[in-house]
Amino acid sequence: MVKGRILTGDRPTGALHLGHYVGSLANRVKLQDEYDTFIIIADVQGLTTNFEHPEKLRENVYQVAKDYLSVGMDPEKATMFIQSLVPQIAELTIFYSMLVTVNVLRHNPTIKTEAKQYGYQDMTYGFLGYPVSQAADITFCKANLVPVGEDQVPHIEFARKIVRRFNDLYKPVLVEPQAMVGEVGRLVGTDGDAKMSKSLGNCIYLSDSVKEVDHKVMMTVTDPARMRRSDLGHPEVCTVYAYQKAFNPGFVPELKPACETAAIGCVDCKKRLAAVLNELLDPMRERRARYEANPKLVDEILMSGTERARQEGAKTMAEVREAMCLDYDAG
Ligand code: TRP
């Protein structure tokens, strides 16, 4: 049986954290056994908000690659590659840009949220249009499944529309991708206010040390009404409880009544959580240390992944050019 193909990835704008883990990374590690998996490190998309500091992106490309390898992405099963080194993605983006209107882009809910978050009064052409480029990321290798967090669903829907439009207008050469949203689509930050996000400074990183994890868990917001040890807790408003549900689900049936009756205090609850998180992160720390001891290996993995991505891109582009009457060189 032919394996289905996955494409997913991240912008290299910072170290990956537990939000990424529950939203997509854990899923990817499982899926790499069943699917031919492509993982894009989307540095061009990263430029949309970091064009003034490309050197930061460069550094983060390696950080993200190590995050992938440390969670257990296997280079034998998953093709990890760098977006800017695959010219076919850029070509496809330009062709797709004919098939989308500016108004549709302006109404994309994820674009709107991000524009607000970054305080953009006006948007660059590249930022407004990054969903077009993301459609090219997904389709250049004919991926049919895109495991992502819930905030990415509008972009996948958009990619499907472009594919349908292309296939109707020219020739049915592109594959319509489907989104696959992880079980815990979104993880609240340690401040309890919003989703875990680097720009909000409320993250627990996959590369955090035991000490950092212990400290961050101790600082995590709990039920604000529970000031004293004897006050009754309200788990549904507690961030630590949300984390217990995500990372320690076996403990939750016991924890909920214990919190509500003040049989357990926040400090004990946090200690249990920190222990579970460190247990999850320990094997990742070990793998990371191995790659950090051999940075050349990370580079080789990225270069051979990128080479495979280019080959897939060249195959797709030959069909796309033929469908669009642009295959002048085909003879
Ligand atoms: N937009 C995604 C994010 O911000 C990253 C990304 C770029 C992506 N290209 C992709 C995700 C293609 C899935 C498929 O996290």
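Biologist: Where does the ligand sit?
Modeller: In the largest pocket. Keep in mind that this is a predicted model.

Biologist: Okay, and how many residues surround the ligand?
Modeller: There are 14 of them, and the closest are Arg11, Gln45, Gln134, Asp137 and Gln152.

Biologist: What's the mix of nonpolar, polar and charged in that shell?
Modeller: Six residues of the shell are nonpolar, five are polar and three are charged.

Biologist: Which element gives the most to the shell around the ligand?
Modeller: That's β1, with four residues. At least two residues each come from β1 (5–10), α8 (130–139) and β4 (145–148).

Biologist: Back to those glutamines. How far is a ligand nitrogen from the side chain of glutamine 45?
Modeller: A nitrogen atom of the ligand is 2.7 Å from an N or O atom in that side chain. For glutamine 152, the distance from a ligand nitrogen to a side-chain N or O atom is 2.8 Å, and for glutamine 134 it's 2.9 Å.

Biologist: And how much of the ligand does the protein bury?
Modeller: The ligand exposes 370 Å² when taken alone, and the protein buries 90% of that.

Biologist: New topic: how many salt bridges are there in the whole structure?
Modeller: A search turns up 22. One pairs the side chains of glutamate 114 and arginine 11, at 3.3 Å from N to O.

Biologist: Where in the chain are glutamate 114 and arginine 11?
Modeller: Glutamate 114 is in helix α6 (residues 109–118), while arginine 11 is in the loop between β1 and α1 (18–31). They're 103 residues apart, so the pair links distant parts of the chain.

Biologist: Why can side chains like that pair up?
Modeller: Side chains of opposite charge can do so when their charged atoms come close.

Note on methods
Residues numbered from 1 in each chain as written. Predicted model: local features only at pLDDT ≥ 70, side-chain atom pairs only at ≥ 80, totals over all residues. Heavy atoms only, no water. Near = heavy atom within 4 Å. Polar contact = N/O pair within 3.5 Å; in protein donor to acceptor, adjacent residues only side chain to side chain. Areas by Shrake-Rupley, 256 points an atom, 1.4 Å probe, with all protein chains shown as cover. 1 Å grid on protein atoms, 1.4 Å probe; cavity = no way out; pocket = protein on both sides within 12 Å on 5 of 7 lines; lining within 4 Å. Sits in = over half its atoms within 2 Å of the grid points. Nonpolar A, V, L, I, M, F, W, Y, C, P; charged D, E, K, R; others polar. Salt bridge = Lys/Arg side-chain N within 4 Å of Asp/Glu carboxyl O.
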